[in-house]
Amino acid sequence: MTRAADIWQRGIQRDLATEVGKQIEQVVAAQVKADKAISDAAAPAPQDGEAAAAPEGEAPVLQGLDNPIQ
């Protein structure tokens, strides 16, 4: 009887872990999609004659100031 309970418990643990993993993947995927949509909307493509955006991880240099801010 104890062995059967242990097997049943492991099955529930496995099923629960699988379902939780699926839910976490869905939440993360939705957040990544939302973050990408926000960053795409916040950073419009440069127009002709404009400088391209700074590479990711680097702050853009603001032009036309006495002391450029990075």
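**Exercise 1. Find which residues form a nonpolar patch on the surface of this predicted model, and where Val-32 sits.**

Solution, step by step:
- Pick out the members: Leu-16, Val-20, Ile-24, Val-28 and Val-32 make up a nonpolar surface patch.
- Add their area: together these residues have about 450 Å² of accessible area.
- Now zoom in on Val-32, which is part of helix H1.
- Check its exposure: Val-32 has 52% relative accessibility, and the cut-off for exposed is over 50%, so Val-32 counts as exposed.

**Exercise 2. Work out how many salt bridges there are, and which residues pair up.**

Solution, step by step:
- Start with the idea: side chains of opposite charge can pair when their charged atoms come close.
- Set the cut-off: a side-chain nitrogen of Lys or Arg has to be within 4 Å of a carboxyl oxygen of Asp or Glu.
- Take Arg-14 and Asp-15: their closest N and O atoms are 3.3 Å apart, which gives a salt bridge.
- Take Lys-22 and Glu-19: here the N to O distance is 3.5 Å, and the side chains form a salt bridge.
- Tally up: the count is two salt bridges.

**Exercise 3. Explain how Lys-22 and Glu-19 are placed along helix H1, then say how exposed the salt-bridge residues are.**

Solution, step by step:
- Locate the pair: helix H1 covers residues 2–42, and Lys-22 and Glu-19 are three residues apart in it, so about one helical turn separates them.
- Look at Lys-22: at 42% relative accessibility, this residue is partly exposed.
- Do likewise for Glu-19, which is partly exposed at 42%.
- Move on to Asp-15: 43% relative accessibility makes this residue partly exposed.
- Finish with Arg-14, which counts as exposed at 54%.

**Exercise 4. Describe the whole protein: secondary structure, buried share and accessible surface.**

Solution, step by step:
- Secondary structure: one helix and zero strands.
- Burial: of the 70 residues, 1% are buried.
- Surface: the accessible area is about 6,700 Å², and carbon and sulfur atoms account for 58% of that.

Notes
Residues numbered from 1 in each chain as written. Predicted model: local features only at pLDDT ≥ 70, side-chain atom pairs only at ≥ 80, totals over all residues. Heavy atoms only, no water. Buried < 20%, exposed > 50% of the residue type's maximum accessible area, 1.4 Å probe, protein only. Helix = DSSP H or I, 4+ residues; strand = E, 2+ residues; numbered from the N terminus. Patch = residues over 30% accessible without salt bridge, like charges linked within 9 Å, V, L, I, M, F, W, Y side chains within 5 Å. Areas by Shrake-Rupley, 256 points an atom, 1.4 Å probe, with all protein chains shown as cover.
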